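Let's take a friendly walk through this protein together. Have the sequence and the structure at hand as you read.

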Amino acid sequence: GGRPGWLVKSSSGKISRAGCRAKYLAALEQRRQVQRLFETSFSEDIVEPSKEAFGRFGHSSKIRTPTLVTSPGRILIGNWVSFGRHGKILMQTDFSFSKVIAQQHYPEVEHDFDPAIFGPRTPTLKVGDGTSIGDYFFISVANYVEIGLHVLFSDRVFISDSNHLCVIPVLPISLQSNDMGRPIVIEDLA
């Protein structure tokens with residue numbers, strides 16, 4: 001067996017240890033270069049200035065990119081937390097725009113547009129130390145979501161404390177707010 005052309009022979013026809021070692025080191029370097037070619041612009045963590053925008057961003061925590069995060073000042077991340085790639089953290093801070101667009105595009109629709117629902121909100125997301133969330137996650141917070149210590153989530157998890165309202169059948173659901181939601185607490189991994 002063996003790979004054809006793997007062994008290097010000297011001019012006398014004997015196998016050259018130095019030649020074989022040089023060929024082996026060249027193969028390792030080529031493998032390293034190929035791995036480098038497959039790297040993308042994805043980062044193992046968001047940049048340091050972005051971390052300053054969070055309410056808290058704990059030691060040795062990371063959010064891999066690409067990931068969309070809205071209103072990071074309302075997010076408190078503990079130490080050693082890991083978020084995967086292609087995620088979305090959507091903090092539902094204001095639905096005033098839904099009211100304005102609904103009134104412009106559907107002026108004939110009568111609705112009270114309760115300011116508690118169609119107005120500013122103060123959602124909070126807390127993530128405890130050691131929690132890990134896989135790729136393609138989606139977290140939507142209208143009120144309060146807390147994830148405990150050392151909780152482990154697989155890829156493609158969806159966490160939300162609210163639902164879209166659908167109380168006006170003639171108004172598209174995209175122009176209807178989320179409800180106020182109820183606090184969600186996912187307890188520590190025991």
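The report below goes from the overall picture to the cores, the largest pocket and some individual residues.

## Overall picture

What you see is a predicted model. Its secondary structure consists of three helices and 13 strands. The protein has 190 residues, and 33% of them are buried.

Taking contacts with a separation of 6 or more, 41% are between residues 24 or more positions apart. On the outside, about 12,000 Å² is exposed, and 56% of that area comes from carbon and sulfur atoms.

## The nonpolar cores

In soluble globular proteins, nonpolar side chains tend to be buried together. Here the largest nonpolar core has 22 residues, and the members that touch the most others are Ile77, Phe83, Leu125, Ile133, Ile139 and Ile147. Five strands each give this core at least two residues: β4 (75-77), β6, β7 (124-127), β9 and β10 (144-147). Apart from this core lies another one, made of eight residues, including Val109, Ile117, Phe118 and Leu171.

Phe83 is a good residue to click on if you want to explore the larger core. Leaving out residues up to four places away in sequence, Phe83 touches Ile63, Ile77, Ile89, Val127, Ile133, Phe137 and Ile139, and also Lys62 and Arg64.

## The largest pocket

Rolling a probe the size of a water molecule over the atoms shows where empty space is left. The largest pocket holds about 260 Å³ of space. Its lining counts 18 residues, and those closest to the centre are Leu90, Gln92, Phe95, His164 and Asn178. Two or more lining residues come from each of β6 (87-91), α3 (96-105), β9 (138-141) and β12 (158-160).

What classes of residue make up the lining of this pocket? There are 11 polar residues, six nonpolar ones and one charged one. Two of the strands mentioned here have already appeared: β6 and β9 contribute to the lining of the pocket, and β6 and β9 also supply residues to the largest nonpolar core.

## Leu171 and the loop after α3

Leu171, a member of the eight-residue core, is placed in the loop between β12 and β13 (184-186). Is Leu171 buried or exposed? Its relative accessibility is 3%, so Leu171 counts as buried. Not counting residues up to four places away in sequence, its contacts are Ala102, Tyr106 and Gln176. The C-alpha atom of Leu171 lies 9.5 Å from that of His105, with their positions 66 residues apart along the chain.

The loop between α3 and β7 contains Glu110, and Asp112 is found there too. Glu110 has a relative accessible area of 75%, so it is exposed. Asp112 is also exposed, because its relative accessible area is 61%. Glu110 and Leu171 are 61 residues apart along the chain, with 9.9 Å separating their C-alpha atoms. For Asp112 and Lys99, 13 residues apart along the chain, the C-alpha separation is 9.7 Å.

## Backbone details in the loops

Some loops deserve a look at the backbone. Thr65 and Pro66 are joined by a cis peptide bond, with omega about 0 degrees. Pro66 sits in the loop between β2 (62-63) and β3 (67-69).

Ser71, in the loop between β3 and β4, has a positive phi, near 45 degrees, in a residue other than glycine. Its relative accessibility is 28%, so Ser71 counts as partly exposed. Trp80 is not a glycine, yet its phi is positive at about 60 degrees. The loop between β4 and β5 (82-83) is where Trp80 lies, and with a relative accessible area of 49% it is partly exposed. Why does Trp80 count as partly exposed? The label "exposed" asks for over 50%, so Trp80, at 49%, is partly exposed.

## His86

The loop between β5 and β6 holds His86. His86 has a relative accessible area of 32% and is therefore partly exposed. The C-alpha atoms of His86 and Arg64 are 8.0 Å apart, although the two residues are 22 positions apart along the chain. Arg64 has come up before, as one of the residues that Phe83 touches.

How values were computed. Residues numbered from 1 in each chain as written. Predicted model: local features only at pLDDT ≥ 70, side-chain atom pairs only at ≥ 80, totals over all residues. Heavy atoms only, no water. 1 Å grid on protein atoms, 1.4 Å probe; cavity = no way out; pocket = protein on both sides within 12 Å on 5 of 7 lines; lining within 4 Å. Points joined across faces, edges and corners; volume = space filled by probe spheres on them. Helix = DSSP H or I, 4+ residues; strand = E, 2+ residues; numbered from the N terminus. Nonpolar A, V, L, I, M, F, W, Y, C, P; charged D, E, K, R; others polar. Buried < 20%, exposed > 50% of the residue type's maximum accessible area, 1.4 Å probe, protein only. Contact = heavy atoms within 4.5 Å. Areas by Shrake-Rupley, 256 points an atom, 1.4 Å probe, with all protein chains shown as cover. Core = buried A, V, L, I, M, F, W, Y, C linked by side-chain atoms within 4.5 Å.
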